[in-house]
Amino acid sequence: MVLELCNVSVSYGKNLCVRDVSHRFSDGRFTALVGPNGCGKSTLLRALMGLLPMQQGEARLDQRPVSTIGRRSLARRVAYLPQDNHCPDYMTLGELIELSSFSRSRLMRGPSASDRQIFRDALETVGLLDMAHRPLNTLSGGQRQRAWIAMVLAQDADLILMDEPVNHLDIAYQYSVLNLVARLTRQKGKTVICVLHDLNLTASFADEVVLMRDGGIEAAGPVRETITVGNVTKTFGMEAEIFDRNGRLVCLPYPTELTA
Amino acid sequence: MNYGEGVLRRQRLGLMLGAGGLLLALGLNLSLGARWIAPDTLVGALYEFDPDQLDHFLLWFQRIPRALIAIYTGAMMACAGVVLQSLMRNPLTSPATLGVNAGATLLVVLGAALWPQLLSPENLVAQGITALAGGVFGAVLALTVARLAGMAQDPRGFSLILAGALVAMLLSGVTQAILLSDPQRRSDLLGWASGNINHVYADRLAAFWWIGVICCGVLLLLSRSLNLILLGADKASSTGVNVPLVSRVAMLVSVFAAASAVAVCGPVGFIGLVVPHIARPLLGAAVGPLLLGSTLIGAGLCLMADLTARMAFQPYTLHTGVVMDLLGGLFFVAIIRQHYLSGRAGRLT
């Protein structure tokens with residue numbers, strides 16, 4: 001599934017948060033959106049999902065403008081994980097996963113046999129199959145984050161947008177969750193666009209990276225070519241050293257005084 | 001695949017418990033009173049009405065209409081409470097805290113001040129329609145105030161709760177002012193100041209029950225979308241729910257359901273606030289089963305409150321609304337404690 005942005009501008013109230021962004025996200029790859037706080041990453045994802053109106057330009061999914069795709073059929077093609085998710089009291093993990101099939105479901109009908117298989121696979125992928133009967137509020141932070149990811153997987157869409165999926169997770173979970181996300185692209189051919197903050201995590205798992213700053217794209221391309229000293233300095237306004245250690249790209253920023 | 005069965009079993013058990021409780025409350029409500037009616041007489045009267053027996057007469061013309069009104073009121077308020085709490089994702093939302101009750105009271109009192117005939121017994125249905133309009137007016141006013149206060153930036157509905165409280169206080173103030181200006185007729189209007197379940201209102205029930213049935217049907221159809229809205233507007237929208245449309249329809253329909261109950265017997269508060277909290281631990285979070293269960297529990301609770309109102313100070317009868325307010329006040333403290341003051345509080349804000 002190919003997602004293209006053509007001259008997209010999005011404003012939040014009076015502030016223009018995304019300015020004239022054009023980019024073509026590679027099909028079947030894991031692309032990380034990286035940039036300083038408030039640079040428009042989350043706004044861009046929300047606008048892509050039609051949750052915020054675009055001021056100008058359009059997003060195209062396989063050549064078709066996203067704004068002409070109905071909500072339900074968009075949900076069958078694109079799944080989205082917001083940054084903050086709310087766990088309703090007393091809702092179990094199983095119930096949460098079942099909700100993901102809303103766009104495929106028919107009125108007054110339960111999930112089909114194939115849906116049930118999808119739910120099961122999603123829970124198995126995140127390693128929570130034996131927890132399905134548990135209320136969400138009794139899960140640990142890491143389990144809960146994996147529960148949300150399972151819900152996104154169970155939506156069975158080809159394009160997955162995630163807003164900081166490793167927030168609030170310890171490093172072990174950060175690595176295991178992103179490993180899982182990367183596997184989705186490599187084994188199941190999903191296209192993943194994911195807002196991340198950590199350049200080292202990005203370098204370890206993403207195929208491509210889009211560096212954003214002040215609502216625009218600073219640099220974009222394959223990870224090794226894009227995460228360079230020059231680009232990091234331009235994007236974050238800080239010095240960094242970037243080197244190769246055992247085949248892995250490491251970005252070591254130097255502490256600077258906060259300006260402005 | 002066994003991930004859903006535990007939930008289903010719990011839902012079935014919860015619904016059975018609710019139905020059992022409702023039947024028990026109905027039996028008690030019909031049997032107990034100034035005059036004890038034995039269960040066998042009760043069954044006999046239901047089976048075949050004998051106009052020569054006082055008990056049969058009492059049942060068919062007083063207790064059964066009264067019980068039906070209690071059931072309708074409890075069920076509608078509870079339904080509306082479940083939906084409003086799910087929509088706002090806030091445990092303090094209910095028809096009463098949204099200004100429905102205060103709006104209905106004000107319009108009836110105002111109507112009676114302008115047109116004294118409104119309160120005469122032959123105008124029962126006109127009273128009901130005025131109350132229905134008032135209930136919707138109260139909720140719309142609360143929503144407008146909340147919107148002016150920036151509800152859009154406030155996903156947990158706190159501005160709506162505050163706006164509802166503000167509107168309710170303002171409208172009750174105006175109501176009190178009208179009542180004070182006309183001391184002679186104050187006692188006539190007291191039934192509208194606090195909800196009063198009485199068999200003479202059966203005509204209004206006969207006029208309005210269909211509103212409730214339609215509202216419940218629509219809400220059940222929307223229940224799956226409402227489940228997703230529980231997860232937040234962004235999540236629901238990206239899963240395929242038309243959030244603005246579903247929210248508006250569900251809000252309007254639940255306000256109508258609650259207002260139709262107020263139109264039958266005046267403002268009975270707190271059922272809408274309390275019942276969802278009783279039902280959720282029994283039935284879980286899914287809105288569909290929760291609606292059915294809350295209907296049963298709300299009806300049962302209202303029957304018990306009505307019984308208490310009749311029995312507590314015999315031979316005097318309290319207004320059911322007063323009993324509800326007393327019970328509800330205590331429960332309100334418990335809800336605040338559980339959601340805002342306990343260790344779980346951090347998850348809400």
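B:Arg89 sits in the loop that links H3 and helix H4 (100-114) of chain B. In this predicted model, the phi of B:Arg89 comes out near 50 degrees, a positive value in a residue that is not glycine. That is worth a second look, because most residues other than glycine have a negative phi. B:Arg89 counts as partly exposed because 18 other C-beta atoms lie within 10 Å, fewer than the 20 needed for a buried residue.

Chain A has a case of its own. A:Asp214 is not a glycine either, yet its phi is positive, at about 50 degrees. This residue lies in the loop between strand S9 (208-213) and strand S10 (216-222) of chain A. With 15 C-beta neighbours inside 10 Å, A:Asp214 is partly exposed. A glycine can be added to the list: B:Gly150, just after H5(B), takes a positive phi of about 90 degrees. H5(B) itself has 25 residues and reaches 36 Å from its first C-alpha to its last, close to the 36 Å expected at 1.5 Å a residue.

Back in chain B, helix H8 (residues 202-221) can be put to the same kind of length check. Its 20 residues should span 28 Å at 1.5 Å a residue, and the end C-alpha atoms are 29 Å apart, so the two figures agree. H8(B) does have a kink, though, of about 45 degrees and centred on B:Phe208. B:Phe208 is also one of the buried residues of this helix, along with B:Arg204, B:Leu205, B:Ile211, B:Gly212, B:Cys215, B:Cys216 and B:Leu219. As background to that spacing, an α-helix has 3.6 residues a turn, so residues three or four places apart point the same way. What do the buried residues of H8(B) pack against? Their partners are helix H3 (54-88), helix H5 (124-148), helix H9 (223-229), helix H11 (243-265) and helix H13 (287-311), all from chain B.

Next comes the interface. Here 25 residues of chain B are in contact with 28 residues of chain A. On the chain B side, the elements giving two or more residues are helix H1 (5-31), H9, helix H10 (233-238) and helix H12 (271-283). H10(B) gives the most, with four residues. Sorted by class, this side of chain B has ten nonpolar, ten polar and five charged residues. H9(B) therefore turns up twice, as a packing partner for the buried residues of H8(B) and as a contributor to the side that touches chain A.

Within chain A, helix H4 (residues 113-125) and helix H5 (residues 141-154) pack at an angle of about 145 degrees, their axes 8 Å apart. The crossing of H4(A) and H5(A) is right-handed. From H4(A), the contact uses A:Ile118, A:Phe119, A:Ala122, A:Leu123 and A:Thr125, while H5(A) supplies A:Ala150, A:Leu153 and A:Ala154. By class, this contact has seven nonpolar residues, one polar and no charged ones.

Finally, A:Ala182 belongs to helix H6 (residues 171-188) of chain A. Buried or partly exposed? The 18 other C-beta atoms within 10 Å make A:Ala182 partly exposed, since a buried residue needs 20 or more. Leaving out residues up to four places away in sequence, A:Ala182 touches A:Phe30 and A:Phe205. The C-alpha atoms of A:Ala182 and A:Thr31 are separated by 9.7 Å, although the two residues are 151 residues apart along the chain.

Key:
Residues numbered from 1 in each chain as written. Chains lettered and ligands numbered in written order. Predicted model: local features only at pLDDT ≥ 70, side-chain atom pairs only at ≥ 80, totals over all residues. Expected span 1.5 Å × (residues − 1). Bend = angle between axes of the 7 residues up to and from the residue. Buried ≥ 20, exposed ≤ 12 C-beta atoms within 10 Å, placed from the backbone. Contact = placed C-beta atoms within 7 Å. Nonpolar A, V, L, I, M, F, W, Y, C, P; charged D, E, K, R; others polar. Axes fitted to C-alpha atoms, helices over the stretch in contact; angles between N-to-C directions. Left-handed = near helix turned anticlockwise from the far one by under 90°.
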